[in-house]
Amino acid sequence: MNTSSLSIALVSLFAALIAVFGLIPKIDLPLGVPITLQTLGVMLAGCMLGPKRALQALLLFLAAVAIGLPLLSGGRGGIGVFFAPASGYLMGWPVGAFVAGWVMHMLPRATPRSAAISAFVASTLGGLLVVHMFGVIGLVNIANLTWEQAIMGTLVFVPGDLIKCALCATVVHTVARGLPDWRFGG
Amino acid sequence: MGSLYSDDPTWLHAVPAGFKLAFLALLGTGVFLTSGLIALSASAAFCLLAFLSLGRAVTRAKPLLTGLVFASGLIGLFHIYMQQPVVGAISVLRLLSTTLMGIALTLTTRHTDLLNVFEWLLAPLRLVGVHPERLSLQVALMLRFTEHFFVLWRRLDDAHRLRTGKAGGFKILAPLTIQMLVAARRVADTLHVRFRR
């Protein structure tokens with residue numbers, strides 16, 4: 001199969017998957033913290049596609065948001081969302097997907113079990129740590145919070161994101177069994 | 001999939017997309033370089049007046065405006081609680097200026113026009129092997145597949161509901177992903193046949 005065509009298809013399809021995750025209603029944790037599935041899309045893109053294609057998928061998704069398509073959860077879109085206090089998280093998505101893909105590429109993934117463990121580590125580092133790091137930087141710069149306040153604010157979302165890391169690992173495990181020839185991490 | 005673009009004609013529709021983007025970039029940089037309350041208030045007032053001058057078109061942005069009011073209120077209240085009202089005012093004024101102009105741009109610019117500007121901006125990347133002209137194709141493919149996979153998600157959810165009496169939730173994520181990856185391979189084959197690359 002031609003790599004260039006496969007790249008175009010995979011990049012578009014994962015950008016679409018992240019958009020679909022935005023259409024699915026959010027799930028509220030008992031503490032009232034909402035879980036939207038779009039960061040799970042970031043983790044999955046990294047683990048499934050590898051660093052380069054995952055980065056492209058997220059950039060494509062954000063470009064589509066920037067041109068005014070209401071693809072973020074809650075039907076949000078347009079350039080304005082990139083100036084909002086939470087825009088740091090959005091900026092962190094491509095980098096987070098890239099890091100998740102790179103970590104996945106570096107870790108063992110020969111068996112479904114090892115792929116799932118690697119996916120958990122990769123999504124925790126890329127989809128959780130990196131994305132929250134960018135989110136905190138955004139909160140400090142746009143909402144003028146102190147570093148401590150921003151870190152405390154972002155910690156509320158960590159339990160939900162850890163659930164997503166586990167979900168990502170579960171999906172990778174199932175895909176590794178269903179599509180044994182799939183090359184995780186690119 | 002619908003866009004946030006408004007068909008109600010306004011004066012801003014006539015302004016070229018590239019000019020609007022350049023103005024937004026300058027405004028965004030400007031409001032983050034200054035901390036003067038007078039300058040920021042003037043900027044926010046100008047942006048608010050410009051936004052309101054769009055008339056009926058602004059009604060389409062109701063959900064975005066609700067989010068903006070909510071975020072501004074939260075930031076303002078938080079800083080008042082922390083006894084830093086000036087810092088709160090600076091943050092809210094910056095947020096109002098940039099977000100209102102961002103929404104105005106979105107409401108009055110067709111996404112194809114913005115895509116053309118992005119492709120033009122990305123054109124120098126051809127030197128390093130990036131193909132900006134693929135952006136339109138990829139956005140089109142993405143939109144087509146967003147609808148397709150949303151239908152697929154609902155179909156899987158219905159099937160799960162029929163079998164178990166409960167909503168599929170996270171359990172249908174894996175089958176959805178597998179079907180998607182298989183579809184990606186089929187689409188890649190089709191693209192290869194169509195474009196020979």
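Visitor: What percentage of the 197 residues in chain B do buried residues make up?
Guide: Happy to start there, and please keep in mind that this is a predicted model. A residue counts as buried if 20 or more other C-beta atoms lie within 10 Å of its own. Among the 197 residues of chain B, the buried share is 34%.

Visitor: What radius of gyration does chain B have, set against a compact globule of 197 residues?
Guide: The C-alpha atoms of chain B fill a box of roughly 60 × 50 × 35 Å along the principal axes. For a compact globule of 197 residues, one would expect a radius of gyration near 16 Å, but chain B has 22 Å.

Visitor: How far apart are the centres of the two domains of chain B, domain 1 and domain 2?
Guide: Chain B, with seven helices and zero strands, is divided into domain 1 (11–126) and domain 2 (133–195). Taken over C-alpha atoms, the separation between the centres of these domains is 34 Å.

Visitor: Which helix of chain A gives the most to the side that touches chain B?
Guide: The contact draws 48 residues from chain A and 53 residues from chain B. On the chain A side, helix 1 (3–23), helix 3 (51–66) and helix 7 (158–178) each supply at least two residues. The top contributor, with 15 residues, is helix 1 of chain A.

Visitor: Why does the largest nonpolar core lie between the domains of chain B, and which helix gives its largest share?
Guide: Of the 120 residues in this core, those touching the most other members include A:Cys47, A:Cys168 and A:Val172. Domain 1 (11–126) and domain 2 (133–195) of chain B both give residues to the core, so it lies between them. The largest share, 13 residues, comes from helix 1 of chain A.

Visitor: Which elements do the buried residues of helix 7 of chain A pack against?
Guide: Buried residues in this helix include A:Cys168 and A:Val172. Leaving aside neighbours within four places in sequence, A:Cys47 is in contact with both of these, among others. The packing partners of the buried residues of helix 7 are helix 2 (38–49) and helix 5 (112–142) of chain A, together with helix 7 (173–195) of chain B.

Visitor: What distance separates the end C-alpha atoms of helix 7 of chain A?
Guide: Here is a friendly geometry check. Helix 7 of chain A has 21 residues and, at 1.5 Å a residue, should span 30 Å. The model agrees, because its end C-alpha atoms are apart by 30 Å.

Definitions and conventions:
Residues are numbered from 1 along each chain as its sequence is written. Chains are lettered from A and ligands numbered from 1 in the order in which they are written. This is a predicted model: local features need pLDDT of at least 70, side-chain atom pairs count only at pLDDT 80 or more; totals for chains, interfaces and linings use all residues. Two residues are in contact if their C-beta atoms, placed from the backbone, lie within 7 Å. Helices (H or I, at least four residues) and strands (E, at least two) are DSSP runs, numbered from the N terminus. The expected span of a helix is 1.5 Å times one less than its number of residues. A residue is buried if 20 or more other C-beta atoms lie within 10 Å of its own, exposed if 12 or fewer, and partly exposed in between; C-beta atoms are placed from the backbone. The radius of gyration is taken over C-alpha atoms; the globule rule is 2.2 Å times the number of residues to the power 0.38. Domain bounds come from an automatic or database domain assignment. A nonpolar core is a set of buried Ala, Val, Leu, Ile, Met, Phe, Trp, Tyr and Cys residues joined through C-beta atoms within 7 Å.
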